[in-house]
Amino acid sequence: MADLDGIDRRILNELQADGRISNIELANRVGLAPTSMSDRLRRLQRQGYIAGFGARLDPHRLGLGLLVLVEVSLDKTTPDIFDKFAEAVSRTPEVLECHMVAGGFDYLIKARLPDMITYRRFLGEVLLSLPGVSETRTYPVIEEVKNDGPLPI
């Protein structure tokens, strides 16, 4: 982030608040000419600071009302098993996020499904069949305080 100046940081903050902002409005907010803004946006994208643009969807309107966090323990902790697990979980659309963690288990998964019946089937047919999985613990979310993930549609 050392190569980001104050204007770059303001651009990134504005885009996080409103990804649909017009180039002209963004230029006005950060005090640049529209042409200079376009150049900076292209550079920020090329350098990977802007990973993409998308829409935040309402999961409840889409019939995906159940959010669960799942602790996953693997039977072995070898690079080969980690790679196989990561590859398989990456292809699982119900999984919004998966993080390797340090502590009493190996991965923390955030998944979204229609309901508990569907989750139970997902647990048995998908999660427990992922490479190396030996044990899971599931925590259904009672209230979402903040949510920012793409949804499996």
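D80 counts as partly exposed in this predicted model, because its relative accessibility is 43%, and the usual cut-offs here put buried under 20% and exposed over 50%. K84 gets the label partly exposed too, with a relative accessible area of 42%. These two side chains form a salt bridge, with the closest N and O atoms 3.3 Å apart. Both sit in helix α4, which covers residues 79-90, and they are 4 residues apart, or about one turn of the helix. That spacing fits a general rule: an α-helix has 3.6 residues a turn, so residues three or four places apart point the same way.

**More salt bridges**

A search through the whole structure turns up 12 salt bridges. Here are three of them, including the one you just met.

| Salt bridge | Closest N and O atoms | Accessibility of the partners |
|---|---|---|
| D80 and K84 | 3.3 Å | D80 43%, K84 42% |
| R91 and E87 | 3.2 Å | R91 exposed, E87 exposed |
| E135 and R137 | 3.3 Å | E135 36%, R137 41% |

So what about the last pair in the table? E135 counts as partly exposed at 36% relative accessibility, and R137 counts as partly exposed at 41%. Some salt bridges also share partners: D5, D8, R40 and R43 are joined into one network that way.

**Helix α3, seen from all sides**

R40 and R43 turn up again in helix α3, which runs over residues 34-46. Let's check its length. At 1.5 Å a residue, its 13 residues should span 18 Å, and the end C-alpha atoms are indeed 18 Å apart, which agrees.

Which residues of α3 are buried? They are M37, R40, L41, R43 and L44. Look down the axis of α3 and these buried residues fall within an arc of 165°, so they line one face of the helix. The face turned away from that buried side carries the exposed residues T35 and R46. And what covers the buried residues? The cover includes α1 (6-17) and α2 (23-30). Just after α3 comes G48, which takes a positive phi of about 90°.

**The sheet**

Now for the strands. There are 4 of them in an open sheet, in the order β2-β3-β1-β4, and the pairing is antiparallel. At the edges stand β2 and β4 (133-140), each with a single partner strand, so one side of each is left without a neighbour in the sheet. On average, neighbouring strands of this sheet are turned by 20° against each other, ignoring direction.

Walk across it from β2. This strand covers residues 95-100 and pairs with β3, residues 107-113, in the antiparallel sense over 5 bridges. Together β2 and β3 form a hairpin with 6 residues between them. In that turn, G103 has a positive phi of about 135°.

On its other side, β3 meets β1 (residues 66-74), again in the antiparallel sense, over 7 bridges. Where do the two pairings come together? Try Y107 in β3: M100 stands opposite this residue, and Y107 is also the bridge partner of V72. While you trace the strands, keep one general pattern in mind: in a regular strand the side chains alternate between the two faces of the sheet.

Methods:
Residues numbered from 1 in each chain as written. Predicted model: local features only at pLDDT ≥ 70, side-chain atom pairs only at ≥ 80, totals over all residues. Heavy atoms only, no water. Pairing = 2+ DSSP bridges. Helix = DSSP H or I, 4+ residues; strand = E, 2+ residues; numbered from the N terminus. Salt bridge = Lys/Arg side-chain N within 4 Å of Asp/Glu carboxyl O. Buried < 20%, exposed > 50% of the residue type's maximum accessible area, 1.4 Å probe, protein only. Expected span 1.5 Å × (residues − 1). Arc of directions from axis to C-beta. Contact = heavy atoms within 4.5 Å. Axes fitted to C-alpha atoms, helices over the stretch in contact; angles between N-to-C directions.
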